[in-house]
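The paragraphs below lead through one protein chain, beginning with individual cysteines and ending with the overall dimensions. Please keep the sequence and the model in view while reading.

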Amino acid sequence: MRIRAPRLRGRGWLNSPGLDLQQLRGRWVMLDFWTGACVNCVHVLDELRPLERQFADVLTVIGVHSPKFPYEATASAVANAVERYRVEHPVLDDADLLTWDAYAVNAWPTLVLIDPDGYVVAQVSGEGHVPELAGLISEKLEDGVPASVPPAPVRVESPQGLRFPGGLVALSDGEVLTSDTGNQRLLLGQKHIGSGIRGFVDGPAGTAQFADPLGAAVLPPDVAAKAGYDVVIADSGNDALRGLRLDDLSVSTVATGISTPGDVAWFDSRIVVAGIGRHQLWSVDPACGEVQVYAGTGKEGLVDGPAEKAWFAQPSGLSVDFRGLWIVDAESSALRLLYRADDGSLQVRTAIGQGLFEFGQDDGPAWDARLQHPLGVQALPDGKIAVADTFNGSVRAYDPITDQVTTLLTGLGEPSALTIVLNQLWVADAGQHQVHRLEGGWDEPAGPAPVQQSVADLDPEGAQVTVRFTPPPGEETDTRDGDPTWLEITAQPASLLEQGAGGERGLNRRIAFAGELSGGRVNGRLLVEARAASCDISQEAGAVCHLHRRRWEIPVRLIPGSTTELDLKL
């Protein structure tokens, strides 16, 4: 699998007005991730000088200064390091580790080689690797390997004659299956699946009948081969799931008895269904159609915690990413996440939303942001979560890293479903009977995704936060330039913390709360990020230092008599 090089992002540039990988297409590019306090990084700078001269006609070297210590993140420290070590090539000031994270770097120094087509072909850490990278460039130049041109995006026109489209799903070949809800059919390109008559009939595409079909999901190939169908559709008016076989477009019934299914997803090795009618998530065995309650008590509301005790309010849209299953609750105007906790239990937490009668159109910190009756959700390539904010006529984006909500698109009718096709976001706009497409250009995630923690019951008087860190075997905590650890704590809402917010060295912090007693509900969330640096300091050539970094998102309830200790492990 070839990996496209993420774009370069940072605070600014030195020795250059700024560079973009797109404008360097046709040249080899070497990224040197370094920091001024790392002696091995300084050695690599010297290794690179002859390489730059040797391949001046075909190679651009770019330094990416990614700080280890807080002081190294200051603009003056970066400028001093560039001058002190006589760096003449362009240097990106990566003060917030944006490019470091985008390339999944975790060690100083690290070299990344990008070919003329913009793909990463090598990534190595430590000293002594420049000769092998030079050999790789020479080999390709001698072979005269032509630049490979990535395929042009397939431009699929929006289906015509739509009525209230309520579902979209991208297939592996780049085509899109659209639930043409008001016309009681599915559309696949120019092909119609379903007779257009509202009913409940299996069979060939021309005679099958649906009743208000909505969301759909593609099954993994091995599962589809055993089940006998490739796509599962939420046939909401029939309280059923239907299966579509792509080779002949025939329709079958997968399961029945699910009250108003709104969307489906393949998650946790099963089909998960958003059951609008009973405020629950259901699971379905794709082979035999056995139906079971998966999450939710059936009571309508907004209650987080263990999946079997959670409350939902018309769960309508589903999307899966590496964090878990994202859910939009229409009636509580909420974005929720179902995930596996460290102990293996299924947990539910709310990212956006405050209750059945809290709605609006506010961007900003997720705790304060508001949606209005969202029906669709889609995980984006950059790690953010797009929400079809239906009654606001817009598409919103939630960033799990920064915990911020922004608006991507406005002026829609009633956006009801989303999908990603060839780096484009497709939006089913039921109110305008159209499908819109929003070009990509997605940013890379801004850092490591937070580890989702179970609800922590803490004493209202405060707590001692302790992050425990043990260097890996063969490494030691590097204290040659001071304490190499860092702890940053923020809260949503910010008023939750009276003392202890902010970032400073050390992995221990006393925090004090200002919030009211919970009465059993979640008061807010703590966002904790810890960093620690360890090095192989044996003085052997090629020694590297590593950055260990982790974020936690912890829902908090303030209950008198609860624990005053919050222990985390980095």
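Cys41 has a relative accessible area of 0% in this predicted model, and it therefore counts as buried. Cys38, at 6% relative accessibility, is likewise classed as buried, because buried means under 20% relative accessible area.

Two further cysteines, Cys535 and Cys545, are both buried as well, and these two form a disulfide in which the sulfur atoms lie 1.9 Å apart. A search of the whole structure finds one disulfide. The torsion about the S-S bond of Cys535 and Cys545 is about 110°, so this disulfide is right-handed. Because Cys535 belongs to strand β42 (residues 524-535) while Cys545 belongs to strand β43 (residues 545-558), the pair ties together parts that are ten residues apart in sequence.

Strand β43 also leads to the nonpolar interior, since it appears among the elements that give two or more residues to the largest nonpolar core. That core has 33 residues, and those with the most contacts inside it are Leu31, Phe33, Trp34, Tyr103 and Ile114. Besides β43, the elements giving two or more residues to the core are β3 (28-34), α1 (39-54), β4 (59-65), α2 (75-84), β5 (91-93), α3 (98-102) and β7 (110-114), and the largest share, four residues, comes from β3. Leu31 shows how such a position is surrounded: leaving out residues up to four places away in sequence, Leu31 touches Leu8, Ile62, Val64, Tyr103, Thr110, Leu111, Val112 and Ile114. A second, separate core of 26 residues includes Leu496, Leu526, Val528 and Ala532. In soluble globular proteins, nonpolar side chains tend to be buried together.

Helix α2 can be followed from its buried side to its exposed side. The buried residues of α2 are Ala77, Val78, Ala81 and Val82, and because they cover an arc of only 135° around the axis, they lie on the same side of the helix. The cover over these buried residues includes β2 (12-14), β3, β4 and β5, whereas Glu83 and Arg84, on the other side of α2, are exposed. Just after α2, Arg86 takes a positive phi of about 55°.

A buried residue may also sit in a loop, and His373 is found in the one between β26 (364-365) and β27 (376-379). Its relative accessible area is 14%, so His373 counts as buried. Which residues is His373 in contact with, leaving aside its neighbours within four places in sequence? They are Gln314, Ala330, Glu331, Ser333, Thr390 and Phe391.

Turning to the chain as a whole, the model has five helices and 44 strands. The radius of gyration is 26 Å, close to the 25 Å that the globule rule gives for 570 residues, so the chain is as compact as a globular protein of that length. Along its principal axes, the C-alpha trace spans about 75 × 70 × 40 Å. Of the 570 residues, 56% count as buried, and the chain exposes about 23300 Å², of which carbon and sulfur atoms supply 49%. Among contacts between residues at least 6 apart in sequence, 57% join residues at least 24 apart.

Note on methods:
Residues are numbered from 1 along each chain as its sequence is written. This is a predicted model: local features need pLDDT of at least 70, side-chain atom pairs count only at pLDDT 80 or more; totals for chains, interfaces and linings use all residues. Side-chain values use heavy atoms; hydrogens and water are left out. A disulfide is a pair of cysteine sulfur atoms within 2.5 Å. Buried means under 20% relative accessible area, exposed over 50%, partly exposed in between (1.4 Å probe, protein chains only). Contact means heavy atoms within 4.5 Å. A nonpolar core is a set of buried Ala, Val, Leu, Ile, Met, Phe, Trp, Tyr and Cys residues joined through side-chain atoms within 4.5 Å. The radius of gyration is taken over C-alpha atoms; the globule rule is 2.2 Å times the number of residues to the power 0.38. Accessible areas come from the Shrake-Rupley method with a 1.4 Å probe; for residues, only the protein chains shown count as cover. The arc is that of the directions from the helix axis to the C-beta atoms.
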